[in-house]
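Subject: Structure handover

Hello,

Here is the structure you are taking over, with my notes on it underneath. Please read them with the model open beside you.

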Amino acid sequence: MTPLSEQQRLFLVESNQIYGAWEAAVRQAAQYRHGMRWSKARGREYLVRLSGRGYGRSLGVRSQETERLYTEFVEGRQRAKERVAGLSARIKEQSRLNKA
């Protein structure tokens, strides 16, 4: 077996780092896989965190605090999606470099 050149070792290290970051980003994005929504009950609106089975858990009646929770959730979900997409593109680019 031929030893790796310096350039190949650098590509290997970079590939491992990108893949590790991608795995962490996918795990973080999984925290957002179920949504949040506003639900009306008894004349009031409640923030509900949905689960995988379609059930939800109330996080409280609509207030500044629940509005903030909802905004943070939506923004966090978007950031997580963008991070996974960006790292996926870097993995694709790195795989082309590794083949060369």
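A residue is called buried when its relative accessible area is under 20%, exposed when that value is over 50%, and partly exposed in between. Gly-54 has 55% relative accessibility and therefore counts as exposed. Please bear in mind throughout that this is a predicted model.

Overall layout

The protein chain contains 2 helices and 3 strands. In sequence order they give the pattern α-β-β-β-α. The C-alpha trace spans about 70 × 25 × 15 Å along its principal axes. The radius of gyration is 21 Å, where a compact globule of 100 residues would have one near 13 Å. Of the 100 residues in the protein chain, 17% are buried. Among contacts with a separation of 6 or more, 46% are between residues 24 or more positions apart.

The strands

β1 and β2 are antiparallel and share 6 bridges. Within this pair, Arg-37 stands opposite Val-48 of β2. The two strands form a hairpin with 2 residues between them, and Arg-42 in the turn has a positive phi of about 50 degrees.

β2 is also joined to β3, again antiparallel, through 5 bridges. Here Tyr-46 stands opposite Val-61 in β3. The hairpin of β2 and β3 has 5 residues between the strands, and Gly-54 takes a positive phi near 90 degrees there. This is the exposed glycine mentioned at the start; its loop runs between β2 (44-50) and β3 (56-61). Gly-54 and His-34 are 20 residues apart along the chain, with their C-alpha atoms separated by 8.9 Å.

Helix α2

How far apart are the end C-alpha atoms of helix α2? They are 53 Å apart, which agrees with the 52 Å that 36 residues should span at 1.5 Å a residue. The helix covers residues 64-99.

The buried residues of α2 are Thr-66, Phe-73, Gly-76, Ala-80, Val-84, Leu-87 and Gln-94. An α-helix has 3.6 residues a turn, so residues three or four places apart point the same way. The elements against which the buried residues of α2 pack are α1 (6-30), β1 (36-41), β2 and β3.

Thr-66, in helix α2, counts as buried because its relative accessible area is 3%. Its side chain reaches the backbone nitrogen of Ser-63 at 2.7 Å. Leaving aside neighbours within four places in sequence, Thr-66 is in contact with Trp-38, Leu-47, Leu-59, Gly-60 and Val-61.

Phe-73 is another buried residue of this helix. With neighbours within four places in sequence left aside, Phe-73 is in contact with Tyr-32, His-34, Gly-35, Met-36 and Arg-49.

The nonpolar core

Which residues make up the largest nonpolar core? There are 6 of them: Tyr-32, Met-36, Trp-38, Leu-47, Phe-73 and Ala-80. At least two residues of this core come from β1, and at least two from α2. Two of the core members have already appeared as contacts of Thr-66, namely Trp-38 and Leu-47.

Helix α1 against helix α2

Two residues of α1 are worth picking out on the model. Ala-25 sits in helix α1 and is buried, because its relative accessibility is 2%. Leaving out residues up to four places away in sequence, Ala-25 touches Arg-83, Val-84 and Leu-87. Among these, Val-84 and Leu-87 are buried residues of α2. Ala-25 and Ala-80 are 55 residues apart in sequence, yet their C-alpha atoms are 6.6 Å apart in space.

The other residue is Ser-15, also in helix α1. Is Ser-15 buried or exposed? Ser-15 has 16% relative accessibility, so this serine counts as buried. With neighbours within four places in sequence left aside, Ser-15 is in contact with Gln-94 and Asn-98. Of that pair, Gln-94 is on the list of buried residues in α2.

Regards

Definitions and conventions
Residues are numbered from 1 along each chain as its sequence is written. This is a predicted model: local features need pLDDT of at least 70, side-chain atom pairs count only at pLDDT 80 or more; totals for chains, interfaces and linings use all residues. Side-chain values use heavy atoms; hydrogens and water are left out. Helices (H or I, at least four residues) and strands (E, at least two) are DSSP runs, numbered from the N terminus. Buried means under 20% relative accessible area, exposed over 50%, partly exposed in between (1.4 Å probe, protein chains only). The expected span of a helix is 1.5 Å times one less than its number of residues. Contact means heavy atoms within 4.5 Å. A nonpolar core is a set of buried Ala, Val, Leu, Ile, Met, Phe, Trp, Tyr and Cys residues joined through side-chain atoms within 4.5 Å. Two strands pair if DSSP finds at least two bridges between them. A polar contact is a pair of N or O atoms within 3.5 Å; within protein, one must be able to donate a hydrogen and the other to accept it, and residues adjacent in sequence count only if both atoms are side-chain atoms. The radius of gyration is taken over C-alpha atoms; the globule rule is 2.2 Å times the number of residues to the power 0.38.
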